[in-house]
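Please look at how the two chains meet in the structure shown here, and keep in mind throughout how far the coordinates can be trusted.

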Amino acid sequence: MSIRGTLLFVLIVSFSSTTIYGNDSFVLAGSVAYKSGTSGFCNGDPIAYIIRQHPSLLTHKQDMVLRHGAKKSTQYSLQGCVNCHAVEKADKSGYYAIDAKGQFCAACHQEIAISLDCFQCHRTTPYNGKSYYQRKQ
Amino acid sequence: MSAISRRDFLKKSSQAISITTLASGVSLTAFAAKQEVDEGVSNEKRWGMLVDTGKLTSEDTEAMVSACQKENGWGNEVHSDDLQKPEWIRKVSVKDRATQKITDLVLMCQHCESPPCVDVCPTNASMKRADGIVLVDAHRCIGCRYCMLACPYDARFFVHETLTEQLPHRPRGKGTVEACTLCVHRVDDGKQPACVEACKSEAVVFGDLYDTNSQISKQLKQYPSTQIRADLNLNTGVRYTNI
């Protein structure tokens, strides 16, 4: 293979790989996610997969759990996202709402101008009380 | 090594490749484990409740209402007026016009077998799960409130105000309709609804209506019970005795 061919191949592969889009230094990762040390992955899935597929992952999960009665789990659960990616306030008095301006969801959603509807109903902060579902986790 | 002809080389290598492909295919399918897919609940069970109004005391009804509020996070709608406030479970006094007898009972979504709310919902948001629990899928609910009109028990409620601090297992939001879920998050975990547990006298029984050995089936078989508005033929999952 020629040098030009190799160089072209390397450039194409690197631009089509996910490492560039997986750079999450501009995203507020969240208090728990920041400490978790699993940069680049979310519960075993690569971040780029989650970014791309989270609407359908969440939709499938909501369909199976709500309409069909599948077992609840933290995998692909919206509350699972919130528990990890919410940012705790500096004075430890609580958490910022995850869909607030400048928080986790806004990093992408503000830029692409797709409005978030989830948190009209879903909780925006982790729950520290003795909620039944929390006890299960 | 003797020189091998091109024809022989091609023959032998294609044989080798096809054998390895087939062999690997066979071994891969033999060892491939069937992925566990959670299909959800089935109609092998049907959840129901039996309320004995003779045993139900006013402390019981208050306890049931506040347990439901605590479990599901409603009751704190400060911007809604009295007609708008949700009451997933409420105390109802029924008076027999002929005998003037007053009966106090608790009324919640009756989880009918043929729910009118499901029939009228334009988006299939109002749905009956395979095990009989009637739910509102808020992802599909458009807030038209047709189900509120259709429900004979006035058991569905529209959320009029912006809500915050929802409980994580029970999302609820403005613009959708909500109702008693028979504490489906507890039932799916083998527990009883919060109101049933809060009732200190054994006035309320919860269980599987299809299981002939369950306490509720035995009590339904032994004591006469009725549905509220039995004339509508809805085959409710919630039955009452002594009314």
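What pLDDT does chain B average, and what percentage of the residues score at least 70? Chain B averages a pLDDT (the predictor's confidence in each residue, from 0 to 100) of 93, and 95% of the residues score at least 70. For the complex, the predictor gives an ipTM of 0.80 and a pTM of 0.80. This is a predicted model, in which local features need pLDDT of at least 70 and side-chain atom pairs count only at pLDDT 80 or more, while totals for chains, interfaces and linings use all residues. Residues are numbered from 1 along each chain as its sequence is written, chains are lettered from A and ligands numbered from 1 in the order in which they are written, and side-chain values use heavy atoms, with hydrogens and water left out.

Turning to the interface, chain A contributes 24 residues and chain B 30 residues to the contact, where contact means heavy atoms within 4.5 Å. Together the two chains bury about 2,200 Å², 49% of it on carbon and sulfur atoms; buried area is the accessible area (1.4 Å probe) lost by two parts on being put together, summed over both.

Between chain A and chain B there are 3 salt bridges, each a side-chain nitrogen of Lys or Arg within 4 Å of a carboxyl oxygen of Asp or Glu. Arg123(A) forms a salt bridge with Glu165(B), and the closest N and O atoms of this pair lie 2.9 Å apart.
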